Amino acid sequence: MSNWQELEHKYFMSTVDRVPVTLVRGEGVWVWDEDGRQYLDFVGGWAVDSLGHCHPAVAEAVTEQVHTLIQVSNQFYTIPQVRLAELLVQNSCLDKVFLCNSGAEANEGAVKLARRYGKLHLNGAYEVITATGSFHGRTLAMVAASGQSKFQQPYLPLPVGFVNVGYNSIEAIKAATTGQTCAVMLEPVQGEGGVNLPDDKYLTAVRAWCDQMGILLILDEVQTGVGRMGTLFAYEQYGIEPDIMTLAKGLASGIPIGAILAKDRASVFTAGEHGSTFGGNPVACAAGYATLRFIIENDIAGNAKRVGEYLIAGLKGLRQKFQFITDVRGCGLLLAMEFSSDIAQSVMMACLDGGLLVNRLKPNALRFMPPLIIGNQEVDEAVGILDKALSSIGN
Ligand SMILES: Cc1ncc(COP(=O)(O)O)c(C=O)c1O
């Protein structure tokens, strides 16, 4: 074990089961460890490095911004946050933007916005309906929102105001809706929960129900947004529009950022009702603007769709070969492979030996979320390494 890893164990809170590799450098879809070993990165910072590592467009924008203005308070106007907000509005169905620093913070803000809407327009309604298997972040309220008991149990009691109901069941949402409900919050595709796709018509039915009841639909596109699913935003594929949408992960290609977007009618915060010291930081916004602009101008979402189809075909080919692969699913470059038993850790470690980084999503499943700029050649290489890794596990 390297000295860095020993020091980490000594000084760092152990909240993650880390893979025993210390990464020191990245370029495109590749990263290097401290011994100079090269890996193909299909984890992508957990669906964050949309343009890959150290993309010139992002590196140049950040470099220029750190030499110009790093941080002032939100008491003042700054140009990078306005440019990013304008680009987001011009390319989505939403009208107004609030910038923050992470996915959890964006979702917290979205829930506050929905509660504010409830106070103003729904007789004080404050409850938010969410789905089992969802993941909305690690703050206490977002743990309560996330319908996964493993994240909730260690921290009971949780903040009130969240009702977790079965995923993919419009009937469950209808049954849980009361006079206290102000919003339904869903991931278009559940990422952390297993790359779970919505059933046909689920999201349209939820949209229609929210309209019928006059409550808000919040889409958490923290993982699915900004091209990952093969369209700029996932909602485009389901023929619906959210009232509120949250973004984070891929928005600035690795620089911490989060965003809440809302339709005009749902944009009810007034001065002083919400805020963030670092939210809208000029460096993060410059990175976000450079990333989003590059994605739009170069149809990177289209690349994610095309290469995603090529990758899923490759993974399905492996499914034909290895009987213990029970499912391959996903959309764009957010894909998962499920096994009949808990071998994901062994497969992940065998991939690591072969020079491929993958994410162990569950004891019996892997997730693939490479940079959106990836090409077919790198996919061939990754599928080849995965094939060898699976062969070493047996059939
Ligand atoms: C859908 C979704 N929402 C929210 C979050 C939380 O984002 P963050 O870790 O930036 O707080 C995540 C993180 O994985 C996520 O996938």
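Helix α5, which runs over residues 103–121, gives the most to the shell around the ligand, contributing three residues, and I should say at once that what we are looking at is a predicted model. The shell holds 13 residues, and those that come nearest to the ligand are G103, A104, D220, Q223 and K249. If we sort the shell by residue character, it divides into three nonpolar, six polar and four charged residues.

Let me go through some polar atom pairs at the ligand. A polar backbone atom of G103 lies 2.8 Å from an oxygen atom of the ligand, while for F135 it is again a polar backbone atom, here 3.3 Å from a nitrogen atom of the ligand. With E192 the side chain is involved, since one of its polar atoms is 3.5 Å from a ligand oxygen. As for how much of the ligand is covered, it exposes 390 Å² when taken alone, and the protein buries 83% of that area.

I turn next to strand β8, residues 216–220, where L219 has its place. Is L219 buried or exposed? Its relative accessibility is 0%, and therefore L219 counts as buried. The C-alpha atom of L219 is separated by 9.3 Å from that of A234, although the two residues are 15 apart along the chain.

Now to two helices, beginning with α9, residues 202–213, whose twelve residues should span 16 Å at 1.5 Å a residue, and whose end C-alpha atoms are indeed 16 Å apart, in agreement with that expectation. Which residues of α9 are buried? They are Y202, L203, V206, R207, W209 and C210. Seen down the axis of α9, these buried residues fall within an arc of 165°, so they line one face of the helix. The general background is that an α-helix has 3.6 residues a turn, so residues three or four places apart point the same way.

The other helix is α13, residues 376–393, which has 18 residues and reaches 25 Å from its first C-alpha to its last, close to the 26 Å expected at 1.5 Å a residue. Its buried residues are V379, A382, V383, I385, L386, A389 and L390. Why do we place these on the same side of α13? Because they cover an arc of only 165° around the axis. On the other side of α13 we find Q377, K388 and S392, which are exposed. Following α13 comes G394, and its phi is positive, near 115°.

Note on methods: Residues are numbered from 1 along each chain as its sequence is written. This is a predicted model: local features need pLDDT of at least 70, side-chain atom pairs count only at pLDDT 80 or more; totals for chains, interfaces and linings use all residues. Side-chain values use heavy atoms; hydrogens and water are left out. A residue is near a molecule or strand if one of its heavy atoms lies within 4 Å of it. A polar contact is a pair of N or O atoms within 3.5 Å; within protein, one must be able to donate a hydrogen and the other to accept it, and residues adjacent in sequence count only if both atoms are side-chain atoms. Accessible areas come from the Shrake-Rupley method with a 1.4 Å probe; for residues, only the protein chains shown count as cover. Helices (H or I, at least four residues) and strands (E, at least two) are DSSP runs, numbered from the N terminus. Ala, Val, Leu, Ile, Met, Phe, Trp, Tyr, Cys and Pro count as nonpolar, Asp, Glu, Lys and Arg as charged, and the others, Gly among them, as polar. The expected span of a helix is 1.5 Å times one less than its number of residues. Buried means under 20% relative accessible area, exposed over 50%, partly exposed in between (1.4 Å probe, protein chains only). The arc is that of the directions from the helix axis to the C-beta atoms.
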